[in-house]
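Reader: Hey, got a minute to go through this one with me? Let me pull it up, and we can start with what counts as a polar contact.

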There are 2 protein chains.
Amino acid sequence: MLSKEMYELGAKRSAIRDLFEYGKQQAAIVGKENVFDFSIGNPTVPAPGCVKEAMLELLETQKSEEIHGYTSAQGDFEVRKGIADYMNSTYNCQLKADNFYMTCGAAASLSIILKALTESPEDEIVIIAPHFPEYQVFIKSAGAKIVVVPADTENFQIKMDLLEKAITSNTKGIIINSPNNPSGVVYSEKTLKDLADLLKKKSKEYQKPLYLISDEPYREIVYDDVKILYVPDYYENTIVCYSYSKSLSLPGDRIGYILVPDCVENGKDIYTAVCGAGRALGYVCAPSFFQKVIMKCQGKTSDIALYDVNRKLLYNELTKMGYQCVRPDGAFYLFVKSLEENAVSFSENAKKFNLLIVPSDDFGCSGYVRISYCVDPEMIKRSFGAFQKLRDLY
Amino acid sequence: MLSKEMYELGAKRSAIRDLFEYGKQQAAIVGKENVFDFSIGNPTVPAPGCVKEAMLELLETQKSEEIHGYTSAQGDFEVRKGIADYMNSTYNCQLKADNFYMTCGAAASLSIILKALTESPEDEIVIIAPHFPEYQVFIKSAGAKIVVVPADTENFQIKMDLLEKAITSNTKGIIINSPNNPSGVVYSEKTLKDLADLLKKKSKEYQKPLYLISDEPYREIVYDDVKILYVPDYYENTIVCYSYSKSLSLPGDRIGYILVPDCVENGKDIYTAVCGAGRALGYVCAPSFFQKVIMKCQGKTSDIALYDVNRKLLYNELTKMGYQCVRPDGAFYLFVKSLEENAVSFSENAKKFNLLIVPSDDFGCSGYVRISYCVDPEMIKRSFGAFQKLRDLY
């Protein structure tokens, strides 16, 4: 009667969503202030002022059809040029408008590039644990095979020997995500260099390009002295998927891009296939009004200092209590070692104290919980008692 | 190296886009005022005042995370409830929030519902000529077979005998589009009744539901005394795909919905599969801000009277010149008989007078041209000389 596969995908709720819904139910029972919901990565720091200013300016100065009309399928030329100019001045690269294809956010970027690259059901896409769970959905939906490289549980960088084993003659691409969801880790320059060396070696061995898909929704969300690296500087066959969801706190507005730099082998053809894949998936153009909004906010971000306050607060207090926590250099997640082997059972125990933390199993890596700290700092402070009680259980 | 299919889809330009780009080039040579571009269906009537008011009100009264945050995948509950309430009071139906799944516009609605319904490569989706060309892309992309019913060139309703022949045991669904792009025709009540009778008969014959997918982006754009009919009243197994692109002149903002009424057989399961298909295609949620904007604009439309002025102006003048034209009751297209058998060659001749009109071949019906009259009425007036010269060629 209907697609069994789509039915099952629709019926299967994610562990994150389940916790989130549970939290809403609990709040009705015990009061909102007594539920400590660290489940969802929905930015709580407001969009920077430039967003509202840009929206008002566009409304006051532009004609309806200019802000609400279709743009070309790849996005408004001036918008793409604006992004290229910003990237060039920031990362010292030489991008043009036509290297960019505007999308409805990171999920769309990934779905489109995977559909554009996948030729046959033998094609393999390599992902590195811990990874964003939806990668599995996007890869399967594009018709490729999923290959997961086990986590480097020492540093949460990449175990190059494990990655090397995962790459075969069928490998089409490798997805990386730094700053990482869920670990909060930022890949070091050494990691990028080693990764590039390995991919170049394997490309030569198999006599074909291996595409690195760099999923960068958290690009600007880094702390302390961490430097933001431009991945194509390290490896030429890099395609960047970006979203303004986190950097500008606009997750609901669905706006991002795919960047195919000129240095990518077959880059022009890939860009054409991206246009085809966008069309095939039902994307007509990225939302026009928000294309114009983000162009006016290049280089701006939400107030990351507010996330940093939360990060330090949680990290310091939890480690003081004896929790083991991966060093969180970016994004807004803490990846904390479960106090028992089974993180699902650990997360269930946490619920007894109305503490909602996501077990790491769906991220392809067992034995951890993800704590989203894009939350109200007051909630963090109120949650410490619950974290202590959870600690005391073990 | 990459998907040949996606590359070809990206490389193949539509006849409409080609004409549109040609027009921009010609404008640079002969002056914008001397090019008569009737190629594109991009609304020129501004969005109604309620859109700007809603945007400003949301910006002034709501917190950033409330207007820019993720909504649930199926869309904000209050938004869906608001649409249900509006539909119930307008069409006397009994819809609930959970019958609606918010989407990134009509193309997304169609892509998602087709993906949700398609089980096997044997599945067939029937479309009725003349039809929107992208239907072919969406059906193919969902993995089903395309079956085109030839046009009823007398009235541009549906030739029921031809439709009956097109329905087989593999038919999964039938797409209708009224008011129609490209013909401008609105299906009569008799057509809907005959269609329902035929589909019920065939459902019984094959002992399975045949889903009617009613693609309604032009629902409210009707003229004179034409009544808007609620299709599920005529045939229970109707799934409605809607978009605010045309009714509110918001094509770039990508906002619409899929409506699966309770009367649809397996409706709940289809809705679940819709959720799965949205996820598989990379849609996270429909644009949040514009979900809230359209909720505040239920029942409002752009000023359709302005399109009506254009419609009468063009229809009267062209028929006076001797052009034969399908009676245009809705949407903003005239479907005019080509003065020679080959509409592509006719459209090429029109270009000699800088008259850009789209040959009907891509709409699955030869021998006509589509004239989009969502344009400046002054351009229409300036174009009559060119139409006369084109007429005089034959």
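Author: Sure. A polar contact here is a pair of N or O atoms within 3.5 Å, where one must be able to donate a hydrogen and the other to accept it. Keep in mind that this is a predicted model.

Reader: Okay, so how many residue pairs in polar contact are there between domain 1 and domain 2 of chain A?

Author: The count is 12 residue pairs, both residues at pLDDT 80 or more.

Reader: Which elements on the domain 1 side touch domain 2?

Author: Helix H1 (4-11), helix H12 (304-321), strand E9 (333-337) and strand E12 (368-372) of chain A each give two or more residues. H12(A) has the largest share of that side, with five residues. By class, the domain 1 side splits into 18 nonpolar, five polar and eight charged residues.

Reader: And where do the domains run?

Author: In chain A, the assignment puts domain 1 at 4-47 + 302-392 and domain 2 at 50-295. Their C-alpha centres lie 26 Å apart.

Reader: How much area is buried between them?

Author: About 2,500 Å², with carbon and sulfur atoms giving 62% of that.

Reader: What about salt bridges across that domain interface?

Author: The rule finds one. Arg311(A) pairs with Asp224(A), and their closest N and O atoms are 3.2 Å apart.

Reader: Switching to the two chains: what rotation superposes A on B?

Author: A rotation of 180°, with 0.0 Å of shift along the axis and an RMSD of 0.0 Å. The copies are therefore related as by a two-fold rotation axis. Within chain A, Leu281(A) has the C-alpha nearest that axis, at 3.1 Å.

Reader: Why say the copies meet through the same surface?

Author: Because 100% of the interface residues of chain A are also interface residues in chain B.

Reader: How much area do the chains bury?

Author: About 5,900 Å² between chain A and chain B, 58% of it from carbon and sulfur atoms. Met1(A), Tyr70(A) and Arg279(A) supply 14% of what chain A buries against chain B, more than any other three residues.

Reader: Any charged pairs worth pulling up there?

Author: There are four salt bridges between chain A and chain B. Among them is Lys52(A) with Glu60(B), at 3.6 Å from N to O. The rule also finds 34 residue pairs in polar contact across the chain interface.

Reader: Last one: which helix gives the most to chain A's side?

Author: H10(A), with nine residues. That side as a whole has 39 nonpolar, 21 polar and 15 charged residues.

Note on methods:
Residues are numbered from 1 along each chain as its sequence is written. Chains are lettered from A and ligands numbered from 1 in the order in which they are written. This is a predicted model: local features need pLDDT of at least 70, side-chain atom pairs count only at pLDDT 80 or more; totals for chains, interfaces and linings use all residues. Side-chain values use heavy atoms; hydrogens and water are left out. Domain bounds come from an automatic or database domain assignment. Buried area is the accessible area (1.4 Å probe) that two parts lose on being put together, summed over both. A salt bridge is a side-chain nitrogen of Lys or Arg within 4 Å of a carboxyl oxygen of Asp or Glu. A polar contact is a pair of N or O atoms within 3.5 Å; within protein, one must be able to donate a hydrogen and the other to accept it, and residues adjacent in sequence count only if both atoms are side-chain atoms. Helices (H or I, at least four residues) and strands (E, at least two) are DSSP runs, numbered from the N terminus. Ala, Val, Leu, Ile, Met, Phe, Trp, Tyr, Cys and Pro count as nonpolar, Asp, Glu, Lys and Arg as charged, and the others, Gly among them, as polar. Copies are superposed by least squares on the C-alpha atoms of residues with pLDDT of at least 70 in both. Contact means heavy atoms within 4.5 Å.
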